[in-house]
Amino acid sequence: REVKDHLNYEHRVFNSEEFLKTRAIEDQPFYKKVLETYMFHSFLKARLNRKMDAFARLELNTQSEEDRLNLMFHAPRRMTMEKMASKRFNPQYMISRRMVISMPNLQDITLPERPTRNSSLRRLETGVGKGRTSVKMPPKSVSTFKIPEIHFPLMFQCVHSYYTDFFNHLSKAINTLPPDNSALLARYFYLRGLISLMQGKLLNALSDFQNLDKTDLRIFPTDLVRKIVETMPPSERSQADRKPELKKLISRMMEKQREVMKIDDHVKNFELPKTHMQLDDFVKRIQESGIVKDIDTIHRLFDALTVGHQKQIDPETFRDFYNYWKETEAEAQEVNLPPTVIEHLDKNECVYKLSCSVKTNYGVGKIALTQKRLFLLTEGGCPGYVQIAAFRDIEDVKSTTVAFLLLRIPTLRIKTLSKKEVFEANLKTECDLWYLIVKEMWAGKKMADDHKDPQYIQQALTNVLLMDAVVGALQSPKTIYAASKLSYFDRMKNEVPMMVPKTTSETLKHKINPSAGETFPQAIDVLLYTPGHLDPSERPGNAHPKLWCALNEGKVVVFDASTWSIQQHCFKMGHSKL
């Protein structure tokens, strides 16, 4: 199931390296071999094509409300309080802890001896570089097939005898090969099909090519098979039609509509760029990486990363940004709050950012950011919880300095509606970044409340984490100015206040976005509402009212109208408009 977290549907990319990092070190060679199989490749293609097969139905029937909400709001991956609480009692979390390394080249990495599992695997040193784990994958095996010797002179009988020997050699190899070696088996079937074709045995050739469906469809000779079918004599065609598997193959080859509507089923692995990127290429690379999909957000990120430079991004800057994002994402997975802190938070809250240890007027500790609030994780013998502010409760945020001896220490001040005391934190070098972060989250929460649209708070979260990654990757005097390019909601609040009319505010209960998860907004052609309990075969728990939204590209999104979460995301209805 975790494979879907590493897929990009727009550009049909699978980030295999990031997926492998989620596996335990000693399991990675096994998973590496699995990723190379034809069966897994077919599984990937089915996922990217959004095929409604047995796996998709199982996933749909067993997905949680959290999974459905994640379809609506593309937010960076973090562990909820509910999962954090459960992992204390689940040994599987200890077994499959994420291996955090910078983007590796899997051909260059070496396998450490099975190390003792460390509570923070980012700090595990293996001799390849500080903070990097490495895994060496076994070299690919090479198989040798000896073709029969050529008989001379090259007369008809000798050539016929050679083809017969070749066919028999291949048949023997096929019969002695273990069935689990599907890749090699496919090569033998392919060769034997060619030999049968040279012998004029068209039915035998088609049977061998048809076997590639079960072994390795990537080497299926589509044009050659179609030509065989088109030129086949009527007598042999009738024989083929009497064999169910060949009849199916022929109908597939001759189906003109299949050629017109042929699905693009290529899958490529994500790779870091090796050349400089203009805006369009940068948009594609960021989408492929899985960091963010929205084109407007990526445009703002491009502006941030090119502050003070020519409007192009070099591979080194992209790599530093990508690695910082992924490592920060992994660090957040390692956050382990005590139960006394978790009980103060909602079960679906996640910690998205922690400050360094700072002195505040509430005590010494780390400032923690969730999608709903700021709190202080106090330090000492037993870490404690002190509420700083819920974002909807903030009245004012200021970045200032306080005098300490001969120094001026940067300080963040947050005033809330519910407390007279103003929160102050001596954040020092982090102060400017936290000032941007708190203001963006405050503005995003206000937008979300005014428009009854929780999508805004998720977008604000993405913005602040992009700011954090920009500051971490650039490490230059202009980083804060660069990060401010991503303060989208704060700038909107100050420049173009979006007032919601009173009648709309009173009438509107909840706003949904059928284009959530798409790279750009799409028009809605048709809306259909269906009451619950229409289908007697549907389980009572699933028989909720539904809202069907037909988008202008032939896609359909289905909402559960009892919770307004997406029940089924963008299944394709061809290219026709509905």
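In strand E5, alanine 368 is the bridge partner of leucine 354. The model is a predicted one, in which local features require pLDDT of at least 70 and side-chain atom pairs count only at pLDDT 80 or more, while totals for chains, interfaces and linings use all residues. Residues are numbered from 1 along each chain as its sequence is written, and side-chain values use heavy atoms, with hydrogens and water left out. Helices (H or I, at least four residues) and strands (E, at least two) are DSSP runs numbered from the N terminus, and two strands are taken to pair if DSSP finds at least two bridges between them.

Strand E4 (residues 353-360) and strand E5 (residues 363-369) run antiparallel and are joined by six bridges. The connection from E4 to E5 is a hairpin of two residues. On E5, five bridges lead to strand E6 (residues 373-378), again in an antiparallel arrangement. Glycine 365 stands opposite threonine 378 of E6, and a hairpin of three residues joins E5 to E6.

The loop between E5 and E6 also takes part in a salt bridge (a side-chain nitrogen of Lys or Arg within 4 Å of a carboxyl oxygen of Asp or Glu). The side chains of lysine 372 and aspartate 346 meet at 2.6 Å, N to O. Because lysine 372 lies in the loop between E5 and E6 and aspartate 346 in the loop between helix H19 (339-342) and E4, the pair ties together parts that are 26 residues apart in sequence. Accessibility is classed by relative accessible area as buried (under 20%), exposed (over 50%) or partly exposed (in between), with a 1.4 Å probe and protein chains only. Lysine 372 is partly exposed at 30%, and aspartate 346 is partly exposed at 31%.

The whole structure contains 20 salt bridges. One of them joins aspartate 223 to arginine 226, with the closest N and O atoms 3.2 Å apart. Both residues lie in helix H12 (residues 222-231), three residues apart, about one turn of the helix. Aspartate 223 is exposed, at 58% relative accessibility, whereas arginine 226 is buried, at 16%. In helix H13 (residues 234-241), aspartate 241 and arginine 237 are four residues apart, about one turn of the helix. Their closest N and O atoms are 3.7 Å apart in a salt bridge. Aspartate 241 has a relative accessible area of 32% and arginine 237 one of 29%, so each counts as partly exposed. Arg392, Lys445 and Asp449 are linked in a network of salt bridges.

Helix H9 (residues 182-198) has 17 residues, and its end C-alpha atoms are 24 Å apart. This agrees with the expected span of 24 Å, defined as 1.5 Å times one less than the number of residues. Buried residues of H9 include Leu184, Leu185, Tyr188, Phe189 and Ile195. The buried residues of H9 pack against helices H8 (156-176), H10 (202-210) and H11 (212-215), contact being defined as heavy atoms within 4.5 Å. Glycine 200, which follows H9, has a positive phi near 85°.

Threonine 416 lies in strand E9 (residues 407-416) and is buried, with a relative accessible area of 3%. Residues up to four places away in sequence aside, threonine 416 touches Ile388, Ala389, Asp393, Ile394 and Glu395. The side chain of threonine 416 also reaches the backbone nitrogen of lysine 419 at 3.4 Å.

Methods:
A polar contact is a pair of N or O atoms within 3.5 Å; within protein, one must be able to donate a hydrogen and the other to accept it, and residues adjacent in sequence count only if both atoms are side-chain atoms.
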